[in-house]
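I open this notebook to record what I looked up in one structure, going from the whole chain down to single residues.

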Amino acid sequence: MKFNDNLITSTGTFLVFLLFFSCGKEEKTSREENSSSKKDLQDFAQYVDPMIGTAKMGHTYPGATVPFGSVQLSPDTDTIPYAVDGKYNPDVYKYCAGYQYDDITIVGFSHTHFSGTGHSDLGDFLVMPTTGDLKLNPGTETDPDSGYRSRFSHENENAEAGYYNVLLEDYDIEAELTASSRVGMHRYTFPEKEEAHVILDLMSGIYNYDDKNVWTFVRVENDTLITGFRQTNGWARTRKVFFAMSFDKPIKNYGRARYDKQPYNGFWGKFNQEENFPEVAGEKIRMYFNFDMEADEELQIKLAISPVSSEGALNNMKQEIPHWDFDKVKEGARKAWNKELNKVEVSVENEAEMTNFYTAMYHAFLGPTEYMDVDGKYRGLDMNIHQAEDFTNYTSFSLWDTYRALHPLFNILQPERNSDMVESMLAHYDQSVHKMLPVWSHYANENWCMIGYHSASVISDAIVKGNTGFDEERALDAMVQTAKTGYYDGLEYYMEKGYVPEDKNGASVSKTLEYAYDDWAIAQAAKKLGDDSIYEEFSKRSENYKNVYDVESGFMRPKLDNGEFKKEFDALNTHGQGFIEGNAWNYSLYVPHKPAEMIEMMGGKAQFSQHLDSLFTMDLPDKYFENTEDISREGIIGNYVHGNEPSHHVAYLYNWTDTPWKSQDKIRMILKDQYQTGADGLGGNDDFGQMSAWYIFSSLGFYPVAPGSTQYALGSPAIDKATVNLDNENTFIVIAENQSDKNVFVEKVELNGKILKEAFIDHEDIMNGGELKFYMSDIANEELYKNNQ
């Protein structure tokens, strides 16, 4: 890897500048542009490796996108169905992002993907260029010659921020991809003079099944423009996406294959709809477009998407990419990422750490994604078309994951964007027939995945930290109404009994704990807004974690409707024990809002510190998580499960004991063990940036244990220096003096020259600007933070 000379300091460390670019409202960008123009942007996109996380459990995609972009144009490497013989097919889990690094074939390039999720959807409008005999079946990995897919090699594949290219070996076609926010752009170079085919597969999709397509519609508007839509019933059950597809060369001829049989087809039988017929409709459609290509000739395609209409898609294309200069679009995507990556300046020790840190930034800013046309129109939860007034509408809220660290990171580095995300949640609430904030929503659909009502955490965190470009009172009302929706996932029992009974509603302990935390977050927002009644009500509800603690076993434990604890109980097992994607050892520590009280409840500081020691050093045999697909051996250290979110705050809990120094080597161990370079570098699903946000915070030396509080717990920074350039034009500098792989312990910490006596800093300390300086050592300072709470 070549390094920019401007990045090399006198000590030989690499200086990385990271910026978080706002693609939101036009009135917001002027200040950012003025701020960034004070010094030239450096090309730090060169250090992003989109391949990290594309193997095993990472579930990231390597394709082209821009920060928070609507389009994610990326290769799909197989067509694994969601179900086989009517039963769930566990192999589909590997393809949440459409791509698996170990695969040897590419089926094509689709335009929508999730990053790092543990369930999936999307994969819209797959495009594949071919030559030779026309094949409209994708074939299989074991017999690729039976279909249109192609073999490929990683030696002829390259992924960068905003650009992807690969050689399709079976056709000797070079494929290149880039994107703007709403438009994917393709460039295919054909090796010989011959007839070429471009396949538009409207059946292909991620987490696909035979009847997932509700309907597809295609119009051939002229010899270069195709429009249409498809509607699917998957994770989002009423998802409708429109497209406009344009070629830079006239189509020679075209046709379609239809694979569904409808009992009623009207009077369309009077036409030959198989070839050169400009209007196509059906559930299962594949289109093909033929071109006469010269040797080494390029064929370019632009495909824009819209949640509203094909007219909206076409307008998106005209506004974002009105030309055919592929390299200009590629350069624009790179500039967009560099604008993001120039806002935090980081000095790190070596190339691997630089790549990991930089790629974590990249992954953290892939979503949530913009969900509206350039004119502000978007499809709402009520399926009606709405106009975003003075905000950018976002979608794909993986809130069970991202409330923990990603949205708190946005409150530091993307405050205006995060405010728009809250506004998007409130729009969702207004359009909801249930009058609930999003739980896990995407593409104008609530999919109800996971548990809790963690929109409350995101909104409360913004309110408490003063990042409110939205109506705070309206937001508080929405949080309260959501938290009182009794028919939602055991809430009626929780409100009546103070816990969720396991024999009435599964994963009851996890739900009780997470509801209690969310209630505390609501209380903090109410306190900030001066609503004493709501504050008192929800503060009381936030104590409900105590109702599922079993003193005898020392763990949180499922309780039955009759008030008794469930007799059959295994604290190690992640399946069937009242927890979701975790076991009692990990989930019992989920009281982020009341850590001091939890520690006292569990036997006091000394006993709790030893309990944490055991968590990180004991063994968790495979049999205890073999039935939980979101947990794998790669994401486990001892019995600590970092590859899934519920434990992300756990290493920082030592800060509430008399041994805060014990957190420091644990944090550095996690950073080294769970985040590495290479396709298999992530220990678990990146979960729309949450894993990456943990890495960013922990590398900088602090972490938001309880969003909704202004407090950050200190850890052990893994950088030499970081300068955060805030939107308010202040700078916050973190220095780790004498930091190295060996020197992971903190000797002392100074904030603006004053020694800290507690292991915490406040949000204002960051936003006001200043300097946080860690003095690092290879020996633990057991006297550190003696004034800790």
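Before counting anything, I fix the term I need: a residue is buried when its relative accessible area is under 20%, and exposed when that area is over 50%. The model I am reading is a predicted one.

**Entry 1, the whole chain.** With that cut-off, I find that buried residues make up 65% of the 789 residues in the chain. I count 18 helices and 40 strands. The radius of gyration is 26 Å, close to the 28 Å that the globule rule gives for 789 residues, so I note the chain as being as compact as a globular protein of that length. Along the principal axes, I read a span of about 80 × 65 × 50 Å for the C-alpha trace.

**Entry 2, contacts, surface and charge.** Taking contacts between residues at least 6 apart in sequence, I see that 72% join residues at least 24 apart. The accessible surface comes to about 27,600 Å², and carbon and sulfur atoms account for 45% of that area. For the 72 positive and 125 negative charges, I find mean positions that are 3 Å apart.

**Entry 3, the cores.** Which residues have the most contacts inside the largest nonpolar core? They are Phe109 and Phe702, in a core that holds 214 residues. Helix H11, which covers residues 508-529, gives the most to this core, with 11 residues. Apart from it I located another core, of 10 residues, which includes Ala304, Ile321, Phe326 and Val329. I add a general remark, that nonpolar side chains in soluble globular proteins tend to be buried together.

**Entry 4, helix H6.** I then checked residues 406-413, which form helix H6, and found eight of its eight residues buried. Among them are Leu406, His407, Pro408 and Asn411.

**Entry 5, serine 246.** Is serine 246 buried or exposed? Its relative accessibility is 11%, and because this is under 20%, I enter serine 246 as buried. Serine 246 lies in strand E16, residues 239-247, and, leaving aside neighbours within four places in sequence, it is in contact with Thr224, Leu225, Gln300, Ile301, Lys302, Met317 and Trp324.

**Entry 6, isoleucine 636.** Isoleucine 636 is found in strand E31, residues 636-637, and its relative accessibility of 9% makes it count as buried. Beyond neighbours within four places in sequence, I list contacts of isoleucine 636 with Leu620, Phe625, Ile631, Val641 and Gln674. I also looked up aspartate 327, which is 309 residues from isoleucine 636 along the chain, and the C-alpha atoms of these two residues are separated by 43 Å.

Technical notes: Residues numbered from 1 in each chain as written. Predicted model: local features only at pLDDT ≥ 70, side-chain atom pairs only at ≥ 80, totals over all residues. Heavy atoms only, no water. Core = buried A, V, L, I, M, F, W, Y, C linked by side-chain atoms within 4.5 Å. Buried < 20%, exposed > 50% of the residue type's maximum accessible area, 1.4 Å probe, protein only. Helix = DSSP H or I, 4+ residues; strand = E, 2+ residues; numbered from the N terminus. Rg over C-alpha atoms; globule rule 2.2 N^0.38 Å. Contact = heavy atoms within 4.5 Å. Areas by Shrake-Rupley, 256 points an atom, 1.4 Å probe, with all protein chains shown as cover. Lys, Arg positive; Asp, Glu negative; His and termini not counted. Charge placed at Lys NZ, Arg CZ, Asp CG, Glu CD.
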